[in-house]
Amino acid sequence: MKHISFGWYLLLSHRAIAEARLHFAAAIAKFPESNFLLRELAAAAVLGDALPQPGDDGHTLHRTADGTWAHVTPPEPAFYAITCDVWETYAAIRFQRPKAFLSEIEPELLAAGMSPHAFIPSVQIGSGSAPSGLILEHRLVHDIELLKLLHGMDFLAPGVALQAIEACNRTLRSAPRAREGVLQPTVDQWHGLFPFYNRRLHVHPCPRLEQALKPAVEMTMQLLHSPSRRAQTRAGGVLSTGGVLVIDDILTHTALTELRDFAELSTVWYQERDNSLGAALNTGFSTPLLAQIAEGLRELLGDVLCDLPLTDLRAIKFNQELPASIRLQADQAAVTVNLWITPGSADLKDSNGGLTVYDASVEMDNSINDKRMLEDLVQQLDGEHVLTAYEQRGALEVLSTRQGRDSDKGRGPTHPHPRRLPCNSPSVQDYNAQLQLQVADIENSKIQAQVCGSRQTGGKCAMKVKAYELRNKTSKELLKELDEMKSELAQLRVAKVSGGAASKLAKIKTVRKAIARILTVYNQKQKAEARKQYKGKKYMPLDLRPKKTRKIRQALKAEQKYAKTARTKTRESNFPMRRFAVSM
């Protein structure tokens with residue numbers, strides 16, 4: 001089993017194809033009749049010729065003869081379709097559902113002492129997820145709900161669906177807990193899960209469409225820049241100096257529906273995280289529609305994506321009952337494209353909406369200290385970020401990665417100029433013209449904001465809220481006005497990071513002061529009403545008592561200060577102070 005695990009690690013993490021094949025061959029030589037090992041070898045062979053070679057994995061560029069930067073091997077026109085087809089074939093081989101139970105298929109490996117959970121194809125190599133032999137509790141809950149849904153829609157055979165649900169329920173009820181939310185199934189439970197766990201029980205069809213992306217004239221595009229600084233990146237066009245490009249409402253209704261159905265009804269969610277499940281190319285998250293969308297983005301964003309190839313496809317599914325927050329991560333890519341297909345009911349919520357992009361570059365080595373390193377980096381970059389929100393369904397965000405340092409010691413940041421692919425379609429020309437206008441607006445608004453932000457003796461940018469006027473309102477009216485002010489402040493802050501008009505930027509201070517006044521008057525009214533309620537009573541809440549000072553509050557009363565015990569009083573009465581007269 002060590003040969004298989006290390007072989008997948010070399011193949012998927014380091015693209016060491018020859019070394020990985022040696023490890024697979026060593027395992028096959030010991031057990032040549034094993035169906036499990038033969039399937040693993042076949043899946044690895046499918047990827048062997050399709051994966052990029054070391055040094056050509058999307059992270060390195062080279063300088064061409066004309067002085068521009070480009071990828072080592074420019075992608076072919078059918079690159080995206082071929083990539084998705086290869087990963088789909090790999091997933092179909094490796095995650096195929098076995099036709100019998102483990103004891104019937106692999107008696108030799110079981111007799112050799114191989115653990116039952118080791119026969120289940122793992123996708124957690126190098127991902128920092130749950131260790132082998134453990135299952136997150138919310139993963140089983142998700143699988144049970146999905147199996148019941150597929151069974152109710154007749155996408156699974158009744159026998160397969162009921163057996164899978166029973167195996168998951170049995171494990172969920174009786175498996176020992178390694179810690180809170182983490183299960184450690186027994187040997188018998190792993191035997192029951194073998195035919196159903198991490199298996200392609202159903203992959204919903206998601207074919208190519210006549211049109212996946214809307215015309216550029218129907219899209220809403222917005223260019224966001226970090227308020228701190230700009231830096232050279234390996235992206236081109238408007239993202240060559242960093243920033244985030246937001247394209248709202250980019251997918252057609254049919255494409256969005258097909259993509260949601262595939263994500264909702266396909267059993268490809270094998271990557272387990274604390275509060276979510278993940279899918280990627282190595283779990284079968286590769287459909288013809290995704291390849292078509294990638295090709296459309298290549299045509300639409302040709303000046304931004306340059307000739308960089310597609311290196312990975314990843315998806316995240318959150319549980320509504322768990323905290324929905326994406327963990328800190330640094331993507332090892334020149335350009336990261338985020339496609340939001342979240343339903344409309346989950347948009348624009350503080351608890352689960354929005355994405356914060358930090359303006360920084362960091363060297364990642366997939367070590368155990370990566371999470372701590374990212375958290376320390378975020379603390380150092382307080383305010384050095386761009387905040388975006390999920391505005392509509394099918395929104396797209398393109399993030400440019402800052403250019404890191406050169407491999408030579410002592411050299412500063414590199415300044416690449418990516419190759420710009422020819423873009424002659426009318427939709428791309430419309431997109432370029434629209435973005436160039438937005439870039440000019442951002443520069444003009446920053447200059448106007450500096451002028452409007454300076455103190456002036458003239459008129460104000462927004463109406464002020466008077467405290468004496470607020471005191472005439474009821475508490476309910478104050479809370480309503482407070483919510484309106486907070487909503488306006490949130491919109492102004494979004495306008496600030498997106499290069500809004502100067503008049504909006506100048507209103508931020510006034511709105512903040514208005515919120516403070518409303519809260520002050522509201523608290524004063526609440527305390528005044530509470531004092532009336534407790535007036536004349538023996539006990540009063542601490543926050544309603546006179547504040548004074550701590551020394552005065554803790555001082556003794558006069559009767560307490562001069563109080564005497566019975567013994568002291570008796571002694572003083574029996575032995576009063578004697579007065580003597582001295583005559584001269």
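**Entry 1: the E8–E9 hairpin**

I started at strands E8 and E9, which form a hairpin with three residues between them. The model I am reading is a predicted one. I looked up how E8 and E9 pair and found an antiparallel pairing over two bridges. For glutamate 272, the bridge partner in E9 is leucine 277.

I then asked which sheet this hairpin belongs to. E8 and E9 are part of an open sheet of three strands, in the order E8-E9-E10, and the pairing is antiparallel. Strand E8 (271–272) and strand E10 (314–318) are the edge strands, and each pairs on one side only.

Next I followed E9 across to E10. Strand E9 (residues 276–280) pairs with E10 over five bridges, again in the antiparallel sense. I noted two residues of E9 with their opposites in E10: alanine 280 stands opposite arginine 314, and leucine 277 stands opposite lysine 317. Leucine 277 therefore comes up twice in my notes, because I had already listed leucine 277 as the bridge partner of glutamate 272.

**Entry 2: the cover over E9**

Is E9 buried or exposed? I found E9 mostly covered, with five of its five residues buried. In a regular strand the side chains alternate between the two faces of the sheet. I therefore checked each side of E9 in turn. On one side Ser276, Gly278 and Ala280 are buried, and on the other Leu277 and Ala279 are buried, which leaves both faces of E9 covered.

**Entry 3: a second open sheet**

I looked up another sheet, this one with strands E3, E5 and E4. These three strands form an open sheet in the order E3-E5-E4, with antiparallel pairing. Strand E3 (135–136) and strand E4 (177–179) stand at the edges with a single partner strand each, so one side of each has no neighbour in the sheet. E3 and strand E5 (residues 182–183) run antiparallel and are joined by two bridges. I asked which residue of E5 is the bridge partner of isoleucine 135. The partner is leucine 183.

**Entry 4: helix H2**

I turned to helix H2 (residues 17–30) and checked its length against expectation. At 1.5 Å a residue, its 14 residues should span 20 Å, and the end C-alpha atoms are 21 Å apart, which agrees. I then listed the buried residues of H2: Ile17, Ala20, Phe24, Ala27 and Ile28. Seen down the axis of H2, these buried residues fall within an arc of 100°, so they line one face of the helix. An α-helix has 3.6 residues a turn, so residues three or four places apart point the same way. On the other side of H2, I noted that Ala18, Leu22, Ala29 and Lys30 are exposed.

**Entry 5: helix H11**

I ran the length check again on helix H11 (residues 288–300). Its 13 residues should span 18 Å at 1.5 Å a residue, and its end C-alpha atoms are 18 Å apart, which agrees. How many of the 13 residues of H11 are buried? I found ten, so H11 is largely enclosed by the rest of the structure. Among the buried residues of H11 are Leu289, Leu290, Gln292, Gly296 and Arg298.

**Entry 6: leucine 265**

I picked out one residue of helix H10 (residues 253–265), leucine 265. Its relative accessible area is 6%, so I noted leucine 265 as buried. What is leucine 265 in contact with, leaving aside its neighbours within four places in sequence? I listed Leu146, Leu149, Leu150, Met153, Phe155, His202 and His204. One of these, histidine 204, is 61 residues from leucine 265 along the chain, and their C-alpha atoms are separated by 6.0 Å.

**Entry 7: cysteines**

I looked for disulfides and found zero in the structure. I also looked up two cysteines. Cysteine 168 counts as buried at 5% relative accessibility. Cysteine 206 is buried too, with a relative accessible area of 5%.

**Entry 8: the chain as a whole**

I closed with totals for the protein chain. Its secondary structure comes to 20 helices and 14 strands. Of its 584 residues, 40% are buried. The accessible surface comes to about 33900 Å², and carbon and sulfur atoms account for 53% of that. For contacts with a separation of 6 or more, I noted that 76% are between residues 24 or more positions apart.

Key
Residues numbered from 1 in each chain as written. Predicted model: local features only at pLDDT ≥ 70, side-chain atom pairs only at ≥ 80, totals over all residues. Heavy atoms only, no water. Helix = DSSP H or I, 4+ residues; strand = E, 2+ residues; numbered from the N terminus. Expected span 1.5 Å × (residues − 1). Buried < 20%, exposed > 50% of the residue type's maximum accessible area, 1.4 Å probe, protein only. Arc of directions from axis to C-beta. Disulfide = S-S within 2.5 Å. Contact = heavy atoms within 4.5 Å. Areas by Shrake-Rupley, 256 points an atom, 1.4 Å probe, with all protein chains shown as cover. Pairing = 2+ DSSP bridges.
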